[in-house]
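Let's explore how helices can pack against one another. Take a moment to look at the picture first.

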Amino acid sequence: MRVSVDEAAQILLKGENVAVPTETVYGLAALMDNIQGVDRIFALKNRPRANPLIIHIADVETVEAVAKEIPEGFYALASAFWPGPLALALPVDVSKVPESVRAGLPTACFRMPNHPLALELIRKSGPLVMPSANLSGKPSPTAAGAVEEDFGSLVPVLDGGPCQRGVESTILIWQDGMWRLGRLGALAVEEIAALLGYYPEGSDGKEKPLCPGQKWRHYAPKAHLLTSLPVSEEVEAVIGFDERSYPQRKYFFSLGSIHSPEKAAFRLYEILRKLDRQGIKSAFIDVDFPSTGLWRTLRERILKAAGQEFDAK
Ligand code: TXA
Ligand code: MG
């Protein structure tokens with residue numbers, strides 16, 4: 001079922017859920033303060049309760065109202081990148097953010113999405129918690145049809161067209177007096193580093209991940225993904241760039257031009273879902289591209305989808 005902004009607000013007030021478009025991926029929303037709606041998100045997605053949710057806001061005052069302290073650099077980051085694909089986790093007054101939203105942590109993660117329908121809905125209904133609107137472990141949905149593929153009639157959708165960025169937000173976590181990288185995402189880390197004056201380091205992989213969500217398997221189609229050539233005749237599909245030539249197979253899915261990581265990000269998850277829709281068992285995907293900026297995020301997502309290790313260095 002497709003719904004309007006007003007219908008979506010009504011559904012949320014009843015303690016139910018609705019899928020909401022953002023510029024990154026579709027989110028599965030509940031009102032932040034509605035425990036029934038929040039609980040239902042975990043049940044619908046089959047999401048581990050230990051994985052906290054991002055709070056989506058339409059103004060910085062919402063963060064100020066619940067934060068324990070406003071970390072250094074927060075306002076600079078917010079004014080440079082919000083609304084946009086950056087999520088910021090910081091210490092909060094735990095009495096003001098439900099425990100299940102935080103998964104028991106003393107911090108909460110905030111993002112102002114850059115989508116007119118999402119912002120309009122948040123202004124009408126209040127802050128929304130939204131994980132990506134997919135079953136846990138599946139690629140995130142970048143179109144209304146992909147949400148319906150996972151949830152059928154269980155989740156009404158506010159259709160805002162295809163998501164312009166196509167991969168999830170970059171997450172920074174305030175820890176020990178500096179911002180650290182919790183998840184690579186649609187906003188290039190280089191842009192953040194230029195603003196902060198230092199490079200936000202992530203976990204080196206040996207220690208605990210900074211975002212609990214990084215512990216679980218992600219972005220995985222059923223198809224087996226191969227990232228190096230040559231590949232056997234049994235591999236039915238090739239996912240690659242328009243300028244390049246590849247072994248001929250039954251299916252070719254284009255990530256666009258090798259000069260446009262933005263286009264590749266826009267297309268990636270929908271291609272991964274197409275593999276499953278068409279019952280493709282294995283595919284080659286070209287990862288011969290740079291290791292900087294948005295390309296780095298794409299490599300991380302693809303290697304995870306392929307079940308391979310991603311070296312954060
Ligand atoms: O682009 C996005 O961020 C999308 C759209 C819908 O906004 N949302 C999204 O949510 O990707 P989700 O739930 O799929 O991923 C949220 C990530 C998880 O890895 C979670 O562990 C982490 O954010 N996270 C949430 N709160 C956190 C916190 N307080 N500290 C550290 N990590 C946190
Ligand atoms: Mg997700």
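Here are a few questions and answers about helix packing in this predicted model.

Q: Is α7 roughly parallel or oblique to α9?
A: Start with the axes of helix α7 (residues 144-151) and helix α9 (residues 261-277), which come within 11 Å and cross at roughly 45 degrees. Angles under 35 degrees would count as roughly parallel, and 65 to 115 as roughly perpendicular. The crossing angle therefore makes α7, relative to α9, oblique.

Q: How many charged residues are in the contact of α7 with α9?
A: On the α7 side, look for Ala146, Glu149 and Asp150, which meet Glu270, Arg273 and Arg277 in α9. Asp, Glu, Lys and Arg count as charged, while Ala counts as nonpolar. The contact thus has 1 nonpolar residue and no polar ones, and the number of charged residues is 5.

Q: Is α9 roughly parallel or oblique to α10?
A: Helix α10 (residues 293-305) packs with α9 at an angle of about 15 degrees, their axes being 9 Å apart. Angles under 35 degrees belong to one class. So α9, relative to α10, is roughly parallel.

Q: How many nonpolar residues are in the contact of α9 with α10?
A: From α9 come residues including Ala264, Leu268 and Leu272, and from α10 residues including Trp295, Leu298 and Ile302. Glu262 of α9 and Arg301 of α10 also take part. The contact has no polar residues and 2 charged ones, and its nonpolar residues number 11.

Definitions and conventions:
Residues are numbered from 1 along each chain as its sequence is written. Chains are lettered from A and ligands numbered from 1 in the order in which they are written. This is a predicted model: local features need pLDDT of at least 70, side-chain atom pairs count only at pLDDT 80 or more; totals for chains, interfaces and linings use all residues. Side-chain values use heavy atoms; hydrogens and water are left out. Axes are lines fitted to C-alpha atoms, for helices over the stretch in contact, and angles run from 0 to 180 degrees between N-to-C directions. Helices (H or I, at least four residues) and strands (E, at least two) are DSSP runs, numbered from the N terminus. Angles under 35 degrees count as roughly parallel, over 145 as roughly antiparallel, 65 to 115 as roughly perpendicular and the rest as oblique. Contact means heavy atoms within 4.5 Å.
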